[in-house]
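Colleague: I would like a close look at one part of this protein. Please take the surroundings of a single buried residue, then work outward from there.

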Amino acid sequence: MLDALRKGAGTWVAKLFIALLIFSFAVWGVTDFLQGFGLNTAAKVGDTEVSLLDFDRTYRQDLNRLGQQLGRPLTPSEGAALGIPQQSLGKLIAEAAMNNAAQNLKLGVSDERLATIIQSDPAFRGLNGRYDRTRLQQVLQANGYREDEYVVQRRHVAERGQLAEGIAGGLKAPVSYLEALDAYQHETRNAEYLLITAEAIGEIEEPSAEALGTFFEEKKADFRAPEYREIKYVALTPDTLARPDDVNEEDARAEYDRRSADFFQPERRKVRQMSFPSKEAAEEAAAELHDGKTFEQLMSERNLGDNDVALGVMSKSDFLDETLGEAAFSLNEGESSDAVEGRFSTVILNVEEVLPESTQPFEEVKAGIVEELAKEQAEREILDLLDEIEDARAGGALLDEVGERFSLPVEAPQAFDASGKSMAGSDVDLPAAEGIVAGTFDSDVGIENDVLQLGDQGFVWYDVAKVIPSRDRELSEVKEAVVEAWKADQLSNRLNDTAEELLAKAQSGTPFIALAAEKGLEVQNVEGLRRNTPSGDFGNAAVSAAFTGPVGTSATTEAADSSNRIVFKVTSGSTPEFDLSAPEVSALGDQLSQQIQDSLLGQFITDREAKAGVEINQAGIAQVIGLNQN
């Protein structure tokens with residue numbers, strides 16, 4: 001709603017201010033607190049001040065708006081990391097610069113005109129669609145404004161609107177500019193090309209010892225072993241804390257009796273259902289069944305398969321239509337019903353199998369009950385134990401001591417790198433606690449780390465046990481990977497050499513058909529290439545190269561898959577006739593005009609800020625946003 005209060009009579013003016021936030025802020029930067037400010041001043045542009053109250057109100061609105069977009073509130077630290085304070089202050093300083101310029105030019109708005117502007121604002125309309133003073137009071141109160149304060153603010157908005165209108169209002173992009181950009185966007189080109197693949201190069205031979213050694217020395221950094229770290233950890237979860245041996249049989253049997261319904265299986269039946277378009281058709285089929293025809297024969301006559309009639313194994317309560325449930329459970333195994341009028345259609349039911357009710361005996365489910373009881377008890381104890389372990393850690397207890405004291409296993413997984421990979425390149429089995437890998441590499445041996453959340457009900461404590469520094473590997477350790485890399489490098493070089501050779505011949509006048517025959521390739525064609533639009537073998541690099549010169553331009557680039565090469569020649573091009581009245585041209589004109597207006601107004605604001613001078617009360621701003629300058 002605050003945006004609505006800041007719009008003013010011309011809505012495009014507000015859009016310009018928003019577009020200039022970062023641009024303006026980058027120019028005046030952040031200076032130290034200077035003498036001469038009032039205690040309630042956030043910034044000063046010339047003689048115009050931005051109050052801490054205005055900054056606080058704008059900053060909170062911007063912070064809350066972004067939080068709503070993200071689906072959760074943002075903390076001051078998160079807001080600062082995203083640059084929200086700078087954006088909020090930038091907006092206010094840009095406005096102050098405009099206010100300062102308007103004041104110097106003695107611009108003004110009459111009380112009558114200001115009243116008209118306020119009363120015509122849609123934000124203040126009542127249920128009848130007309131200006132409602134009560135609605136005005138509600139909106140101002142909701143946004144923390146007094147009426148007299150808002151009137152002053154709205155007067156400034158109107159004055160800034162006059163200034164912006166005089167600077168950039170009505171400015172339109174030149175038609176020649178539009179025509180050039182329209183041609184740039186819609187020009188198409190056709191090309192013929194040769195695709196050079198690994199198959200065209202052939203198999204890469206094994207490297208000699210000397211070549212491999214030289215390559216390894218040049219690329220040694222690529223095969224360097226990263227730093228690895230080993231940790232110890234103690235996990236506190238219902239599973240690790242559960243003690244099934246402490247659950248006695250009496251408690252388990254009592255739980256079994258309490259949950260007896262969970263172990264009871266009512267009678268079920270494997271049912272098939274055949275639907276009919278009318279009651280008469282169903283009764284006719286039922287009569288055929290009475291005369292000795294089987295359910296399967298009825299299915300065959302109607303071209304129905306098992307999937308067309310099978311309802312599956314169902315208890316009586318599984319039937320949504322009680323009438324069908326009653327009918328199905330009145331039949332014996334193998335029997336078919338008469339025509340049954342269901343809720344949605346008339347059907348005939350058939351029972352393939354009857355599964356009698358049953359109850360799982362205690363001994364069969366005892367182990368599961370004991371495990372669940374132990375886990376429930378562990379869940380009740382976790383938070384108390386969390387505090388005890390934290391107290392022990394604060395008292396200097398090592399993880400081994402914690403594990404022994406609280407009967408928790410101390411785990412020591414194999415060493416891993418910053419991506420969680422082992423020395424063999426496989427994933428290391430680590431606790432699924434967010435931040436444990438990053439935390440391990442931010443920590444060091446002997447440093448106590450914060451406890452991490454593990455799942456919904458668990459916690460994990462960990463220590464860095466060993467740091468294995470990064471090192472250069474010997475060729476013998478990575479020979480297979482080096483050979484593979486050497487071959488890939490050779491293939492890339494030979495692809496490039498072949499492409500450059502063919503390009504040189506093409507540029508000297510050799511037809512593509514002759515080049516294709518020489519290398520056993522195929523001349524291919526691509527039509528309708530447009531800038532920034534990959535097509536088939538032509539990726540972004542190839543498309544860009546196709547527009548670097550006039551028709552007839554030849555070049556070589558990577559193919560869309562990056563592994564192959566393309567040699568191409570632009571054979572023709574087409575630029576559609578420029579139509580100023582076309583909707584897309586009109587939209588482009590509006591966009592360019594807005595950009596020109598934004599740029600011009602931005603330059604004006606930057607100039608006014610530079611000439612008037614911008615001073616920032618960093619201490620006051622830090623206090624407002626809740627961050628310590630130190």
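Modeller: What follows starts at one arginine and moves out to its neighbours, a helix, the aromatic pairs and the core.

The model is predicted. Start with Arg229. Arg229 sits in strand β4. Is Arg229 buried or exposed? Its relative accessibility is 8%, so Arg229 counts as buried; the cut-off for that label is under 20%.

Which side chain does Arg229 meet in a polar contact of 2.6 Å? The partner is Glu227. The side chain of Arg229 also reaches a backbone atom, the oxygen of Thr440, at 2.9 Å. Beyond its sequence neighbours within four places, Arg229 is in contact with Ala415, Phe416, Thr440, Phe441, Ser443 and Asp444. The list also includes Val464, Lys466 and Val467. One separation in sequence deserves a note. Arg229 and Gln414 are 185 residues apart along the chain, yet their C-alpha atoms are separated by 8.5 Å.

Two of those contacts, Phe416 and Phe441, lead on to the rings. A pair of aromatic rings is described by the distance of the centres and the angle of the planes. A search of the whole structure gives nine aromatic pairs. One of them joins Tyr145 and Tyr150, edge-to-face, at 6.3 Å centre to centre with 85 degrees between the planes. For Phe416 and Phe441, the centres are 6.2 Å apart and the planes meet at 65 degrees, so this pair is edge-to-face too. The cut-off for that label is over 60 degrees. Phe416 belongs to the loop between β11 (410-411) and α21 (436-442), and Phe441 to helix α21. The two rings therefore tie together parts that are 25 residues apart in sequence. Phe416 is buried, at 0% relative accessibility.

Helix α20 (residues 399-406) shares a neighbour with this story, strand β4. What covers the buried residues of α20 includes β4 (228-236), α19 (362-394), β11 and β13 (458-468). Which residues of α20 are buried? They are Leu399, Val402, Gly403 and Phe406. Why do they line one face of the helix? Seen down the axis of α20, they fall within an arc of 95 degrees, so they share one face. The general rule is that an α-helix has 3.6 residues a turn, so residues three or four places apart point the same way. Glu404 and Arg405 are exposed, on the face of α20 turned away from its buried side. Ser407 follows α20, and its phi is positive, near 55 degrees.

Back to the tyrosine pair. Tyr145 is buried, with a relative accessible area of 8%. Tyr150 is buried as well, at 1%. Together with Phe124, Tyr145 and Tyr150 make up one aromatic cluster. Tyr145 has a charged neighbour too: Arg57 lies over the face of its ring, 3.8 Å from the ring centre. A second arginine is placed over a ring elsewhere. The charged end of Arg253 sits over Phe362, 4.1 Å from the centre of that ring.

Now the nonpolar core. In soluble globular proteins, nonpolar side chains tend to be buried together. The largest nonpolar core here has 27 residues. Phe55, Leu89, Ile93 and Ile616 have the most contacts inside it. Elements giving two or more residues to this core include β1 (41-45), α4 (52-70), α6 (84-104) and α9 (147-168). Also among them are α25 (583-612), β17 (614-616) and α26 (618-625). Which helix gives the largest share of this core? Helix α6 does, with nine residues.

A buried serine adds one more local view. Ser315 is in strand β7 (residues 310-315). Its relative accessible area is 6%, so Ser315 is buried. The side chains of Ser315 and Ser317 make a polar contact at 3.2 Å. Leaving out residues up to four places away in sequence, Ser315 touches Pro266, Glu267, Arg268 and Phe329.

Last, two loop residues with a positive phi. Asn532 is not a glycine, but its phi is about 60 degrees. Asn532 lies in the loop between β14 (523-530) and α24 (540-546), and is exposed, at 66% relative accessible area. Ser562 has a positive phi near 70 degrees. Ser562 is in the loop between β15 (554-558) and β16 (565-574). At 43% relative accessible area, Ser562 is partly exposed.

Note on methods:
Residues are numbered from 1 along each chain as its sequence is written. This is a predicted model: local features need pLDDT of at least 70, side-chain atom pairs count only at pLDDT 80 or more; totals for chains, interfaces and linings use all residues. Side-chain values use heavy atoms; hydrogens and water are left out. Rings of Phe, Tyr and Trp (its six-membered ring) pair if their centres lie within 6.5 Å; planes under 30 degrees apart count as stacked, over 60 as edge-to-face and the rest as tilted. Buried means under 20% relative accessible area, exposed over 50%, partly exposed in between (1.4 Å probe, protein chains only). Helices (H or I, at least four residues) and strands (E, at least two) are DSSP runs, numbered from the N terminus. A charge sits over a ring if NZ of Lys or CZ of Arg is within 6 Å of the ring centre and within 35 degrees of the ring normal. A nonpolar core is a set of buried Ala, Val, Leu, Ile, Met, Phe, Trp, Tyr and Cys residues joined through side-chain atoms within 4.5 Å. A polar contact is a pair of N or O atoms within 3.5 Å; within protein, one must be able to donate a hydrogen and the other to accept it, and residues adjacent in sequence count only if both atoms are side-chain atoms. Contact means heavy atoms within 4.5 Å. The arc is that of the directions from the helix axis to the C-beta atoms.
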